[in-house]
Each structure stands twice: as structure tokens, then as C-alpha cells.
Amino acid sequence: MAAKDSDPSLGFLTKKETEVKLPRPTRVKNKTPAPIQITAEQILREARERQEAEIRPPKQKITDSTELADYRLRKRKEFEDLIRRVRWNISVWIKYAQWEESQKDFNRARSVWERALEVDYRNHTLWLKYAEVEMKNKFINHARNVWDRAVTLLPRVDQLWYKYIHMEEMLGNVAGARQIFERWMTWMPDQQGWLSYIKFEIRYNEVERARGIFERFVQCHPKVGAWIRYAKFEMKNGEVARARNCYERAIEKLADDEDAEQLFLAFAEFEERCKETERARCIYKFALDHIPKGRAEDLYRKFVAFEKQYGDKEGIEDAIVGKRRFQYEEEVRKNPLNYDSWFDYIRLEENTGNKARTREVYERAIANVPPAEEKRYWQRYIYLWINYALYEELEAEDAERTRDVYRECLKLIPHDKFSFAKIWLMAAQFEIRQLNLKGARQILGNAIGKAPKDKIFKKYIEIELQLGNIDRCRKLYEKYLEWSPENCYAWSKYAELEKSLSETERARSIFELAIAQPALDMPELLWKAYIDFEISEGEFERTRELYERLLDRTKHLKVWISYAKFEASAMVEDDMGSDLPEDDAQESILEEKRQCIERARRVFEKAINYFRTSAPELKEERTMLLEEWLNMESSFGELGDVSLVQTKLPKKLKKKRQLVTEDGPSGYEEYIDYLFPEETQTTNLKILEAAYRWKKQKTSDDED
């Protein structure tokens, strides 16, 4: 029973004797973390250190021929049993044959190899191993026999042919190797096989034989690569005429091949090396005429390089421009509305300096009007007109054509649906550069009439202002405000113009009209500009009235703070030029400062009162207002009274509130709440009232 269970691979020990017994896993009761933690790296290192040595079968020492015979018998029996079980496993056959070889029993080894080949003769690895064994042990004829059978049965496995030829060549049997090559060539192998045969003949200086093989090679594989190799071979041997003949024959047969570009390039480079420049140029031109342009990129690049090296300036430029012109023509033919391609094409023609051709491309480009009257389709197209006008003005220096371009462009744009301020302004600026002020005014007037835009008004006003035409500026501002009465920028700039002309009443009237508008885009900027205007004029009473009017419209925190700061600083400009004696003047200034501070305090009191009564939920704004007041009182120095504000300051409280989303409650968030002094008193009164009610209820219960 023990012999039956024993395993030869374990030295005839039973599995029970060799298995490693692991300790039974213990159940963990206390799952609290240990005070000293260990890492996974430590666990792996300890496992590695404590790993036991691998159990191997003991080595056997054979002392006499009887033991050797027993050992061989046992091993052969094992191999035969294994083969019976897994007959199709080739590795078992190879191990068996190699073991027989190690025992120097070559007849038995050959027998095993032959039996293996009967199982799977298509496995070329078997043939390779078999032949290598024969060669290693110097059985040359046996090896030849094996190789011969292998290449007969498997002629499409190149490795077998290579090994067979290599063996014969190592033995110095050149004729035999050549004969094997010839046998192989009858099977028409791939290019590498033919090239190996050619290299073999070249190694032994058999040039004529190699040439003959090349002829058969190009017949068997009529590809561009094969012909180029043949021509290079002839060139290497100094046969220029033969090499040229190879290229010519190749072009006759393969001119329409998809790899013909490589053939033409190789032919042209060959002629260059032979100093035949004209021949090379003719080949390049012939190739460019016959090969489709999509496959001729390399050819174009090489032709340009060739012209740079051997041609004149015109030839070089024509080669480069011709190539790129063809590419752009293809692109605009496929998609005439691809304006980027037109831009590139125009830039190419501008660089060549041919005005007629450039104008022709521009005219073709602007003829491709966008199909839909939507601005997004026209945004790229309009730059074709802009570039055309700039080209005529700057490069061609033709003012009349430039004027015509602008006129046609403005006529083409559908101004009732959309317009481009840039075109109007560029046309007007062009007329100014031509000293045609009347024409510029006419263009800008048409722009305001047909398609008024902010940019046009601003630029027109800027031009008239630079020319000193104030009445025109006023008229333009009036038009501007008629078109866009909600534009605070226009109102501010109009008032600023009048102020710069010392027309205070006019500026004030403009501001009054502006703030009376029912809708404004940025009213805060307009009110600020009006207030700053009145302050700069020293009209403090008017400024106060403005602040009061603004507070009737909005009670925003910033308005209150700005009002208070104004009142605090109003004293700086007052009574600075007094003629009183120095002591009286100082006293007067102090009195004025106190009045200003009182007025600022009244503004703050009014603001605090508003936030307390009308907007009690705006606690943060109220706190910011108090902090601003406190800072202002601190800045007053001795005249300030910080205690006035400190009694009103709230307490900061951290509170939590529940977050509610669409799916329901989703946790809590912290927020800052402010508790003001009057709220604290109210809270205390509520607690006292509740206590009083509880006491009264308890007394009545006792009486009952």
C-alpha cells in the first residue's frame, strides 16, 4: 500500500509524510485593537524568515552496473507510462529522447524521436530538436537525413531550410548548400528567403549567379522593394547602366502601383548620385504628373529639397507654391464655406506678391456668402472682407478699390437682422486717413441710422471731441440716449463732458434726467457719479438731499455707510478760508468737526433704527453697520465716543440648523447668529412671565 501511494517525484515518500501540518486557527474573542500595531510589511518579513526549507527527494548515488541498469529500467518505465497517459504531449517525448541521449544510448534516442514524429510530424520543433541532437553528437549523415525529411514534409517552414543550409555551409559544403537553396526556391518563398540566397552567393563572390537570382526574384515578387534592391545591387557593383535599366523596367511595370512613389524617389536619388540633374528633374516632374496628389507628399518634399539644392530661385518657389496651391484648391473645392482654408490660400498668394492672382482668390472667397442670415455664420466670413480691404489699402495702395470693398461689404450685410460695428468703424477710419472727414461722418451717420451700437456712438463722439466739435458731441449724446435711455455709461459721460466745459447746471440737469429714468442698467454707478459731482462742487446740502432721495429708493447697507462717511468728512472743505484770529479759527474748526460727527451719528442712528424695526432679519448687515460706526468713532480720536456703539454691539452665537434637500433632511450645519441687547432683555422678560404663570397654576392646584 505504501509503495502504491509513493510518489517518484518526492523520492518515493507518501504525500502524508511530506505535507506540512499547519496549526489550527484559533477563534479570536477579544477584538479590541492591540496597543502595539504591526504593519503588513512586518508580517510578510516574519513569514519569510520562518519559512521552512523546501522538501526535496534525497540524491541517489549509483555504485555498480546493476544499480545503473535498475535505474535505467525504472526511468524508462516511468517515461513509457507517462507517454501512454499523455501521448500528445510533445514535451514528454523530448524529455524522454534527451534522457536517452544523456545515457549515450543514441539508437534508443533515435527510436524515441521517430516514435514522436509518428505522433506529430507537423511540429517543426521536434524536427529542430532531433537534428540538433544529431549535429551535437557529430552524426552528420544522420543529421542530413533528418533535415532532408523535414524540408520535404514541411517546405513552408523557413527555419528548417535556414538551419539545413547553415549546417552545410559550416561544413564547407557550398555546392550542397546551393543545391538546398535551389530546392527551396522552387517553393517560391518570401522575400527574405531570396535575399538570403543572394547574400550567400555574394559571400562567395558569385556576382553573376547573384544577378541571375535577382532576375528570378523580381519575377517571383514583382514589388517596388524588390526592384529597388536589384538596382542598388547593380549600383554597388559599379554597373550604372544596368542599375538604370532596372529602374526603367520597374517603372514600365509598376508605374501605377500604390508604392510607385518610393520607386520614383529611389530612381531620382540614383540619378542625383550619378550627377544627372536634368534626368532627376524629369523623373520628379513625370512622377508628380502621374501619381495622385494624396500619395505624393514625400515626393513633393523631396522635389522641393532637390530644387533648393540644384535649381534656381524661381524653380524653388514654383515647386513650393505649386504644391501648397494644389492642396488649398483641393480643400476649397471640397468645402467652399471653409473660410479657414480660404485664409490660408490668400496668405499664400499674398506672400508670392502676385496682385492679380491675390485679388482673384479674394473675389472667389467673398463670393461664398453664408447660406443663413445668422450672425454666427457670418463672423468668420466678414474677416475676408476686412483682410481684402486692408490688403488693397496697405499692400496694393489703391484707395479707390479699398473704398469699393468697404462699400460692397456694407451693402451685403443684412443690417435689419444684424450688423458689425467693426466694419463701420474701419470704413470711417479709412476715410479719416484719406483726410475725407465728410465721408467718415457720412459713414458713421449711416451706421447710427441703420444699425446703432455702443461702439459706433463711442467712437463717433471720440472723433468729434478730438476735433473740438462740442455741439456735435451733444447731439450725438442725445441720439445715444434716445436709442439707449437705460445706459448709465452714456449719461455719466454726457454729464462729465458738460462738467469739463464748466457747464454745472447742464451737468446737474443731465444727472436729474438720468436718475428719473424708469429703468437703468447700473443705477448705483450713476448715483455715485452724481454724488461725487455735487461733492466736487462743494454743494453739501444738495449732496444730503441726494442721499435722502437715494435712501427713499433703497436702504442698502453701503448707501448708509457712504452717507455717514460723507457727513463725517464734510467738515474738511468748510470754512477753510476764514479770516478769524488763530484761536478763534481753531475753536470754529473744532465746533464744525463736532457738528459733522453729530450728523454722522444721526445717520448711523437712523440706519440702526431702520434695521431694528423694518428689517430685523438682516442681522449681519446691522452688525457690519455697527462695526463701521465703531471704527469711525475710533478714528475721531478725542472727539469720538466708542461707548455709544459698544452698548449696541451684539453677541456672536454658534447655532446649528437642519439642512433639508429634495430627498428630505440631510444633516445639520453650523451658522453664526447675532443676539442684540434688546433681544436679551425680551428673552429674560419671557422667562419671568413663564415662571409667574407656573407659580400661579401651582397655587391654584394646591387650593383645589
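**Reading helix packing and cores**

H19 and H20 are roughly antiparallel to each other.

User: Happy to start there! How is the packing of two helices described in general, and what are the angle and axis distance for H19 and H20?

Analyst: Two packed helices are described by the angle between their axes and the distance between the axes. Do keep in mind that this is a predicted model. Here, helix H19 (residues 339-352) packs with helix H20 (residues 355-366) at an angle of about 165°, and the axes are 9 Å apart. Angles over 145 degrees count as roughly antiparallel, and H19 and H20 are therefore described that way.

User: Is the crossing of H19 and H20 left-handed or right-handed? And which residues meet there?

Analyst: The crossing in which H19 passes H20 is left-handed. From H19 come Trp342, Tyr345, Ile346, Glu349 and Glu350, which meet Arg357, Thr358, Val361, Tyr362, Arg364 and Ala365 of H20. Sorted by class, this contact of H19 with H20 has 6 nonpolar, 1 polar and 4 charged residues.

User: Trp342 is a residue I'd like to follow further. How should I read a nonpolar core, and which residues have the most contacts inside the largest one?

Analyst: The general idea is that in soluble globular proteins, nonpolar side chains tend to be buried together. In this model the largest nonpolar core has 92 residues, and Trp342, Ile382, Leu384 and Leu625 are those with the most contacts inside it. Helix H21 (residues 375-395) gives the most to this core, with 9 residues. As for Ile382, leaving aside residues up to four places away in sequence, it touches Cys409, Ile413, Phe420 and Ile423. Another core, of 78 residues, lies apart from the largest one; Ile94, Met185, Leu265 and Ala268 are among its residues.

User: Now a single side chain, please. Where is Trp147 placed, and is Trp147 buried or exposed?

Analyst: Trp147 sits in helix H8 (residues 140-153). Its relative accessibility is 0%, so Trp147 counts as buried. Not counting residues up to four places away in sequence, Trp147 touches Leu128, Ala131, Met135, Leu160, Lys163, Tyr164 and Met167. You can also compare sequence and space: Trp147 and Tyr130 are 17 residues apart in sequence, with 9.2 Å from C-alpha to C-alpha.

User: Let's zoom out. How many helices and strands are there in the protein chain, and what share of residues counts as buried?

Analyst: The protein chain has 35 helices and 2 strands. Of its 704 residues, 36% count as buried. Among contacts between residues at least 6 apart in sequence, 48% join residues at least 24 apart.

Terms used:
Residues numbered from 1 in each chain as written. Predicted model: local features only at pLDDT ≥ 70, side-chain atom pairs only at ≥ 80, totals over all residues. Heavy atoms only, no water. Axes fitted to C-alpha atoms, helices over the stretch in contact; angles between N-to-C directions. Helix = DSSP H or I, 4+ residues; strand = E, 2+ residues; numbered from the N terminus. Parallel < 35°, antiparallel > 145°, perpendicular 65-115°, else oblique. Left-handed = near helix turned anticlockwise from the far one by under 90°. Contact = heavy atoms within 4.5 Å. Nonpolar A, V, L, I, M, F, W, Y, C, P; charged D, E, K, R; others polar. Core = buried A, V, L, I, M, F, W, Y, C linked by side-chain atoms within 4.5 Å. Buried < 20%, exposed > 50% of the residue type's maximum accessible area, 1.4 Å probe, protein only.
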